[in-house]
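The following exercises concern a ligand and the protein residues around it. Please examine the sequence and the structure before reading the solutions.

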Amino acid sequence: MAERLTAIRRATPGDAASLAALAARTFRDAFERHNTPEDMALYLATNYGPARQSAELRDEGIVTLVADAGDALAGYAQLREGTAPDCVLGPSPIELWRFYVERDWHGQGVARDLMASSLEAAAERGAGTIWLAVWERNERALAFYRKCGFEAVGEKAFLLGTDRQTDRVMVRAL
Ligand SMILES: CC(C)(COP(=O)(O)OP(=O)(O)OC[C@H]1O[C@@H](n2cnc3c(N)ncnc32)[C@H](O)[C@@H]1OP(=O)(O)O)[C@@H](O)C(=O)NCCC(=O)NCCS
């Protein structure tokens with residue numbers, strides 16, 4: 001079990017390489033067993049890598065928060081501005097786009113702290129509603145988001161490589 005305390009902070013451009021590695025690793029840990037190697041490889045190649053995360057960190061429509069654990073990262077969250085699905089009805093919505101914690105840190109409060117900072121950052125940007133899309137079979141994440149006050153309001157397609165999957169759309173007022 002990991003032992004050092006974590007602190008949540010805004011990511012900087014210097015985090016691009018470690019964020020890219022963390023993002024790919026946590027995505028693989030979460031979904032590898034449910035998908036073909038080909039679909040995983042395609043998704044990983046098109047979504048993660050130092051250049052891609054570097055561009056995200058420079059994008060003013062994206063907020064990236066990381067959880068520091070000593071000299072490593074224990075998790076990260078990203079908020080993204082953009083169009084919300086029709087089932088998101090609240091005012092001024094913002095998307096909680098990615099939310100991932102390293103396996104060793106599950107169940108230890110990192111996710112709770114990362115969520116608190118994400119909600120705070122969303123409110124600071126003037127959002128009145130926060131929404132997310134989570135795979136319908138990701139029971140632990142669904143339970144975590146419910147615990148954080150999110151409510152399922154609809155569905156959205158998600159393409160993992162070539163596989164079309166169904167995400168639940170969840171919302172929470174800010
Ligand atoms: C989703 C995630 C951020 C939640 O963080 P966490 O530290 O695991 O969350 P918690 O342990 O506080 O809460 C999870 C809740 O799920 C439930 N739970 C625990 N294990 C479970 C399991 N195997 N199956 C279903 N539900 C489970 C419990 O209700 C638990 O809350 P409780 O212990 O307070 O009762 C983390 O598990 C994670 O990063 N998972 C992999 C990546 C991922 O799926 N990200 C979301 C993408 S949308």
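**Exercise 1: The shell around the ligand**

Helix H5 contributes the most to the shell around the ligand, namely 7 residues. The model is a predicted one.

Task: Determine which elements give two or more residues to this shell, and how its residues divide by class.

Solution. Begin with the place of the ligand: the space it takes is the largest pocket. Two or more residues of the shell come from each of strand S4 (93–101), strand S5 (129–135) and helix H5 (139–147). Next, sort the shell by class: 11 residues are nonpolar, 3 are polar and 3 are charged.

**Exercise 2: Contacts of the ligand**

Task: State which residues come nearest to the ligand, and identify polar contacts among them.

Solution. Of the 17 residues around the ligand, the nearest are Phe 99, Gly 107, Asn 138, Arg 140 and Lys 147. A polar contact requires a pair of N or O atoms within 3.5 Å. Apply this cut-off to three of the residues:

- Phe 99 places a polar backbone atom 2.8 Å from a nitrogen atom of the ligand.
- Gly 107 has a backbone N or O atom 2.7 Å from a ligand oxygen atom.
- Arg 140 has a side-chain N or O atom 2.7 Å from an oxygen atom of the ligand.

Finally, consider coverage: the ligand on its own has 930 Å² of accessible area, of which the protein covers 68%.

**Exercise 3: The largest pocket**

Task: Describe the volume and the lining of the largest pocket.

Solution. The volume is about 1,200 Å³. The lining comprises 49 residues, and Phe 31, Phe 99, Tyr 100, Asn 138 and Ala 141 are the closest to the pocket centre. Strand S4 gives the most to this lining, with 7 residues. By class, the lining holds 24 nonpolar, 9 polar and 16 charged residues.

Key
Residues numbered from 1 in each chain as written. Predicted model: local features only at pLDDT ≥ 70, side-chain atom pairs only at ≥ 80, totals over all residues. Heavy atoms only, no water. Near = heavy atom within 4 Å. Polar contact = N/O pair within 3.5 Å; in protein donor to acceptor, adjacent residues only side chain to side chain. Areas by Shrake-Rupley, 256 points an atom, 1.4 Å probe, with all protein chains shown as cover. 1 Å grid on protein atoms, 1.4 Å probe; cavity = no way out; pocket = protein on both sides within 12 Å on 5 of 7 lines; lining within 4 Å. Sits in = over half its atoms within 2 Å of the grid points. Helix = DSSP H or I, 4+ residues; strand = E, 2+ residues; numbered from the N terminus. Nonpolar A, V, L, I, M, F, W, Y, C, P; charged D, E, K, R; others polar. Points joined across faces, edges and corners; volume = space filled by probe spheres on them.
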